[in-house]
Amino acid sequence: DVRPRIALECTGVESSVSTAIYSVKFGGKVFVIGVGKPNATVPFMRLSTQEIDLQFQYRYSNTWPRAIRLVEDGVIDMASLVTHRFDLQDAVKAFETSGDIKSGAIKVMIQNEMDS
C-alpha cells in the first residue's frame, strides 16, 4: 500500500479535507491545520470504516505575539526568508522555482510593478 499513514491538510477547504481523508491508508491520520468555514461535511463513513483519526490544530492560537517578539529581537531575519523574487510576468518561473528542491527556495515572492 503506497498511501500515506498521515496527511497534513493545510487549507481547511472542505474538498481538500475530504481528499486527505480518502488519501490515507487504513488506521491513518488526517491532521487539519487549515482554518475553514464554521461548518463542513466530511466523509464520516470513510473515517469510521477505515479507522482514520481526524485531528485539528488551531494554528493561530497564541503564535503572533511570540513571532513578533522574535522578529523585533532580531532572532529571525525576515529578509533572508524570501529567497527568490520574480516580476509578475515571470510568475511561471516563480512556481517552477518554488517546486524545485535544488533551487534552495524558502519563500518565493511574485511582485508587480507596485511592489518594486
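Two strands pair if DSSP finds at least two bridges between them. Helices (H or I, at least four residues) and strands (E, at least two) are themselves DSSP runs, numbered from the N terminus. Keep both in mind as you look around this predicted model, where local features need pLDDT of at least 70, side-chain atom pairs count only at pLDDT 80 or more, and totals for chains, interfaces and linings use all residues. Residues are numbered from 1 along each chain as its sequence is written, and side-chain values use heavy atoms, with hydrogens and water left out.

**First stop: the strands**

Select β1, residues 6-9, and show its side chains. A7 and E9 point to one face and are buried (under 20% relative accessible area, with a 1.4 Å probe and protein chains only). I6 and L8 point to the other face and are not buried.

Now add β2 (29-32). β1 and β2 pair in the parallel sense over four bridges; click L8 and you will find its bridge partner, F31, in β2. Bring in α1 (14-23), and you have β1, α1 and β2 as a right-handed β-α-β unit. Right-handed means that, with the strands pointing away from the viewer, the path from the first strand over the helix to the second runs clockwise.

Next, select β3 (53-56). β2 and β3 also pair in the parallel sense over four bridges, and V30 has L54 in β3 as its bridge partner. The chain crosses from β2 through α2 to β3, and this crossover is right-handed.

**Second stop: the salt bridge**

Which residue forms a salt bridge with D1? Select R3: the closest N and O atoms of the pair are 3.0 Å apart. The term asks for a side-chain nitrogen of Lys or Arg within 4 Å of a carboxyl oxygen of Asp or Glu, and the structure holds one such bridge. D1 is exposed (over 50%) at 63% relative accessibility, while R3, at 30%, is partly exposed (between the two limits).

**Third stop: a loop residue**

Jump to N39, in the loop between β2 and α2 (44-49). Is N39 buried or exposed? With a relative accessible area of 66%, N39 counts as exposed. From C-alpha to C-alpha, N39 and R3 are 28 Å apart in space, and they are 36 residues apart in sequence.
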